[in-house]
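Please read the following account with the sequence and the model side by side. It goes from one residue outward to the whole chain.

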Amino acid sequence: MQLALNRTHVIYNKSVNQDYEIISMVGTEISGNHDELIEHLKRKAAKLGADAIIHFSWSGPNYLSDRIGASGVAVKLKPNYSELSINQ
């Protein structure tokens with residue numbers, strides 16, 4: 001499953017079939033809705049230079065708090081040279 005966020009940042013709930021470099025774990029927690037949560041997580045990953053977040057997961061809200069959270073692994077995707085075409 002893939003949730004497209006914009007042209008440069010994508011969140012995957014598992015891994016990707018492309019080589020990548022792990023940058024960092026990212027996580028956030030907010031009082032708000034899921035769209036705001038994803039945007040906040042995406043901004044955090046972008047500040048680190050990531051173009052994707054893999055192994056994405058949600059948490060909350062629960063009976064103790066109305067806050068919701070998300071986390072994942074920020075990665076930099078490596079070019080897939082086998083899919084590139086050269087125009088001559």
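Lys-76 is a suitable place to begin: at 37% relative accessibility, this residue counts as partly exposed, where buried means under 20% relative accessible area, exposed over 50% and partly exposed in between, with a 1.4 Å probe and protein chains only. The model is a predicted one, in which local features need pLDDT of at least 70 and side-chain atom pairs count only at pLDDT 80 or more, while totals for chains, interfaces and linings use all residues. Residues are numbered from 1 along each chain as its sequence is written, and side-chain values use heavy atoms, with hydrogens and water left out.

The side chain of Lys-76 meets that of Asp-51 in a salt bridge, at 3.2 Å from N to O. This pair links distant parts of the chain, since Asp-51 sits in the loop between H1 and E4 and Lys-76 in strand E5, 25 residues apart. The element names follow DSSP runs numbered from the N terminus, with helices (H or I) of at least four residues and strands (E) of at least two. A salt bridge here is a side-chain nitrogen of Lys or Arg within 4 Å of a carboxyl oxygen of Asp or Glu.

Lys-76 also leads to Ile-23, a residue of strand E3, which covers residues 20-30. The C-alpha atoms of Ile-23 and Lys-76 are separated by 6.9 Å, although the two residues are 53 apart along the chain. Leaving aside residues up to four places away in sequence, Ile-23 touches Leu-48, Gly-49, Ala-50, Ala-74, Val-75 and Lys-76, a contact being heavy atoms within 4.5 Å. Ile-23 is itself partly exposed, with a relative accessible area of 31%.

With these parts in mind, the overall layout can be followed. The protein has one helix and five strands, and from the N terminus on its elements run β-β-β-α-β-β. Among contacts with a separation of 6 or more, 63% are between residues 24 or more positions apart. Of the 88 residues, 30% count as buried, and the protein exposes about 6200 Å², of which carbon and sulfur atoms supply 49%; these areas come from the Shrake-Rupley method with a 1.4 Å probe, and for residues only the protein chains shown count as cover.

How many salt bridges are there by the rule given above? The count comes to three. In one of them, Glu-29 pairs with Arg-67, the closest N and O atoms being 2.8 Å apart. Glu-29 lies in strand E3 and Arg-67 in the loop between strand E4 (52-59) and strand E5 (68-77), so this pair ties together parts that are 38 residues apart in sequence. Arg-67 is partly exposed, with a relative accessible area of 33%. Another salt bridge joins the side chains of Lys-42 and Glu-39, at 3.0 Å from N to O; these residues are three apart in helix H1 (residues 34-47), and therefore separated by about one helical turn. Lys-42 counts as buried at 9% relative accessibility, whereas Glu-39 counts as partly exposed at 30%.

The interior comes next. A nonpolar core is a set of buried Ala, Val, Leu, Ile, Met, Phe, Trp, Tyr and Cys residues joined through side-chain atoms within 4.5 Å. The largest such core has 13 residues, and those with the most contacts inside it are Ile-11, Leu-41, Ile-53 and Phe-56. The elements that give two or more residues to this core are E3, H1, E4 and E5, and H1 gives the most, with four residues. Apart from this core lies another, of seven residues, among them Val-10, Tyr-12, Ala-52 and Ile-54.

Phe-56 also takes part in an aromatic pair. Rings of Phe, Tyr and Trp (its six-membered ring) pair if their centres lie within 6.5 Å, and planes under 30 degrees apart count as stacked, over 60 as edge-to-face and the rest as tilted. By this rule the count comes to one aromatic pair: Phe-56 and Trp-58 are edge-to-face, 5.0 Å centre to centre and with 80° between the planes. Phe-56 counts as buried at 8% relative accessibility, while Trp-58 counts as partly exposed at 40%.

Two details of the backbone remain. His-55, in strand E4, has phi near 55°, a positive value in a residue other than glycine, and is partly exposed, with a relative accessible area of 42%. The peptide bond from Gly-60 to Pro-61 is cis, with omega near -10°, and Pro-61 lies in the loop between E4 and E5.
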